[in-house]
Amino acid sequence: MIVLYDRYFVRSTYQVQVDMVIIPATTRQMGVLPGHVATIAELKPGVLSVHEGNDVTKYIVSGGFTFVHANSFADIVAIEAVPLDQIDPNLVQKGLTEFTQKLSTASTDVEKAEAQIGVDVHNALNAALTG
């Protein structure tokens, strides 16, 4: 069972029994099957794949945490979780260009960190869309 929340959790709670979830953890890609050992993992920007039989639904997540429970439940709390097929490739390229420019002109640590997060998220989006 997977429960997916994003920052708009009131409208975006997604709870379904699945065969496997592949999570973009900061340490590595992590596959979660029924009976997985209890784990807590930080999410990095990337693709979260939900496998239900022969169907695979992909979401882009921008960060968050995963809590895998010993009872085969996984809570995925994402800042944002958007179905991959709803992402506009042109807007991704535009955002990557904008954040790259912001990163090159950032003068404070906060500006650099915010711009780097934007670059990382847009790079993950671009990678998800292209391959």
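**Exercise 1.** In this predicted model, find the residues in contact with Met30, leaving aside neighbours within four places in sequence.

*Solution.* Step 1: the contacts of Met30 include Val21, Ile22 and Ile23. Step 2: His36, Thr39, Ala41 and Val68 complete the list. Step 3: place Met30 in its strand, β4 (residues 29-32). Met30 and Val32 point to one face of β4 and are buried, while Gln29 and Gly31 point to the other face and are not.

**Exercise 2.** Determine how strands β3 and β4 are joined.

*Solution.* Step 1: β3 (residues 20-24) and β4 run antiparallel, with four bridges between them. Step 2: the connection is a hairpin through four residues. Step 3: for the register, Val32 in β4 has Val21 opposite.

**Exercise 3.** Identify the residues of the largest nonpolar core that touch the most other members, and the elements that give two or more residues to this core.

*Solution.* Step 1: the core has 17 residues, and those touching the most other members are Val21, Ile23, Met30, Leu43, Leu48, Val61 and Ile76. Step 2: two or more residues come from each of β3, β4, β5 (39-43), β6, β7 (55-61) and β9 (74-78). Step 3: β9 supplies the largest share, three residues. Step 4: a separate second core has eight residues, among them Val47, Ile60, Ile87 and Val92.

**Exercise 4.** Decide whether His51 is buried or exposed.

*Solution.* Step 1: His51 lies in strand β6 (residues 46-52). Step 2: the relative accessible area of His51 is 17%. Step 3: the cut-off for buried is under 20%, so His51 is buried. Step 4: not counting residues up to four places away in sequence, His51 touches Val18, Asp19, Met20, Ile22 and Val56.

Note on methods
Residues are numbered from 1 along each chain as its sequence is written. This is a predicted model: local features need pLDDT of at least 70, side-chain atom pairs count only at pLDDT 80 or more; totals for chains, interfaces and linings use all residues. Side-chain values use heavy atoms; hydrogens and water are left out. Buried means under 20% relative accessible area, exposed over 50%, partly exposed in between (1.4 Å probe, protein chains only). Contact means heavy atoms within 4.5 Å. Two strands pair if DSSP finds at least two bridges between them. A nonpolar core is a set of buried Ala, Val, Leu, Ile, Met, Phe, Trp, Tyr and Cys residues joined through side-chain atoms within 4.5 Å.
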